Amino acid sequence: NGSLSCRQQLHMPTEPLAAINSVALAIGRFATVHQMLDHALGKVLEVVQTDAGSVYLLDEERGELTLAASQGLSAETREDFDRLKLGEGLSGRVALDGKPIVLRSLKDDPRLTRMSARSEGFCAFASVPLLSNFKTYGTLNIHSREDRAFTEQDVQLLTSMAAQIGLAVANTRLYLGLQASERKFRGLVENAEDFIYLTDAAGRFRYVNAAAHTLLGLDPAVLCAESQS
């Protein structure tokens, strides 16, 4: 519902709160998930004041993360970061373990598997999981070329924003899943060899499947129309 706990509100300044709430309020107005992710990522980078960031979404069937949004990354780095196996690299570990990773320097961290992060000069890094109802849907990541340490407040902001994004992704996937189930069910009914129909309380046909024509020689559309007259 976009609301934050009292503890979060007490410990987070107005600007980060406004950024989080702007994402919570704006989620429903975007045509695609990718547009929403790009908006959310932009707000994160603006408030944390860092160079670059990315959002990965988890494909559970493939067991991999797909780069869904990025800002401040070169085309070569985006191509290099495009996909990660679950557990691979820093973001892959965050998605697997469900725990944030915060680094002051990427230079010597053995978990880094994509060298383009170093070639671009990134130093500090932070990644948090996109969580909703204890399920991981991906990761939210920020990078900095400066020698800086992301603070507890920065990580709190990332975690709060990631919760909003995780909820949006979860709701979108639920909606798409319901649509797919409806299409599958409709296809089964339409192609069934048995006569299947739906009537209202007055006994008038509201739906008749194609078997009406095969079994009874009746046009389903005409049958529904005539029952309404």
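## A tour from Gln-49 to the core

Just after helix α3, Gln-49 takes a positive phi of about 60 degrees. Select Gln-49 to begin. The model on screen is predicted. Gln-49 sits in the loop between α3 and β1. Its phi is a positive value in a residue other than glycine. Most residues other than glycine have a negative phi. Is Gln-49 buried or exposed? Gln-49 counts as exposed, because its relative accessibility is 62% and the cut-off for exposed is over 50%.

**Zoom out for a moment**

Show the whole chain as a cartoon. The protein chain has 9 helices and 8 strands. Of its 229 residues, 41% are buried. Now consider contacts between residues at least 6 apart in sequence: 49% of them join residues at least 24 apart.

**Step back into α3**

Select residues 33-48. This is helix α3, with 16 residues. From first C-alpha to last, α3 reaches 22 Å, close to the 22 Å expected at 1.5 Å a residue. Color the buried positions next. They are Met-36, Leu-37, Ala-40, Leu-41, Val-44, Leu-45, Val-47 and Val-48. Why do these residues lie on the same side of α3? They cover an arc of only 165 degrees around the axis, which puts them on the same side of the helix.

**Cross to β6**

Select residues 135-144, strand β6. In β6, 9 of the 10 residues are buried, so the strand is largely enclosed by the rest of the structure. Two pairings of β6 are worth showing.

- Add β1, residues 52-59: β1 and β6 pair in the antiparallel sense over 6 bridges. Look for Gly-53, which stands opposite Ile-142 in β6.
- Add β5, residues 124-132: β5 and β6 run antiparallel and are joined by 9 bridges. Here Val-128 has Leu-140 of β6 as its bridge partner.

**Turn the corner of the hairpin**

Follow the chain from β5 into β6. How many residues lie between the strands of this hairpin? There are 2 residues between them. Asn-133, in this hairpin, takes a positive phi near 50 degrees. Phe-134 is in the loop between β5 and β6. Phi of Phe-134 is near 65 degrees, again a positive value in a residue other than glycine. Show the Phe-134 side chain too. Phe-134 counts as exposed, because its relative accessibility is 86%.

**Pick Ile-142 and expand**

Return to Ile-142 and display its contacts. Neighbours within four places in sequence are left aside here. Ile-142 is in contact with Val-44, Leu-45 and Val-48, among others. Its contacts also include Thr-50, Ala-52 and Gly-53. Further along the chain, Ala-124, Phe-125, Ala-126, Phe-150 and Leu-158 are in contact with Ile-142.

**Light up the cores**

Which residues have the most contacts inside the largest nonpolar core? They are Leu-37, Leu-130, Leu-140, Ile-142 and Ile-165, in a core of 29 residues. The elements giving two or more residues to this core are α3, β1, β2 (64-71), β5, β6 and α7. Helix α7 supplies the largest share, 9 residues. Now switch color for a second, separate core of 18 residues. Leu-58, Phe-81, Leu-90 and Leu-103 are among its members.

**Visit Thr-159 on α7**

Select residues 152-190 for helix α7, then find Thr-159 within it. Thr-159 is partly exposed, with a relative accessible area of 40%. Draw a distance from a polar atom of the Thr-159 side chain to the backbone oxygen of Val-155: the separation is 2.8 Å. Then draw a second one, from the C-alpha of Thr-159 to the C-alpha of Leu-140. These atoms are separated by 8.5 Å, and the two residues are 19 residues apart along the chain.

**Last stop: Glu-120**

Select Glu-120, in the loop between α6 (116-119) and β5. Is Glu-120 buried or exposed? Glu-120 is buried, because its relative accessible area is 16% and the cut-off for buried is under 20%. Show side chains around Glu-120. A polar contact of 2.5 Å joins its side chain to that of Ser-74. Another polar contact, of 2.3 Å, joins the side chains of Glu-120 and Thr-77. Not counting residues up to four places away in sequence, Glu-120 touches Gly-72, Leu-73, Ser-74, Thr-77 and Arg-145.

Note on methods. Residues are numbered from 1 along each chain as its sequence is written. This is a predicted model: local features need pLDDT of at least 70, side-chain atom pairs count only at pLDDT 80 or more; totals for chains, interfaces and linings use all residues. Side-chain values use heavy atoms; hydrogens and water are left out. Helices (H or I, at least four residues) and strands (E, at least two) are DSSP runs, numbered from the N terminus. The expected span of a helix is 1.5 Å times one less than its number of residues. Buried means under 20% relative accessible area, exposed over 50%, partly exposed in between (1.4 Å probe, protein chains only). The arc is that of the directions from the helix axis to the C-beta atoms. Two strands pair if DSSP finds at least two bridges between them. A polar contact is a pair of N or O atoms within 3.5 Å; within protein, one must be able to donate a hydrogen and the other to accept it, and residues adjacent in sequence count only if both atoms are side-chain atoms. A nonpolar core is a set of buried Ala, Val, Leu, Ile, Met, Phe, Trp, Tyr and Cys residues joined through side-chain atoms within 4.5 Å. Contact means heavy atoms within 4.5 Å.
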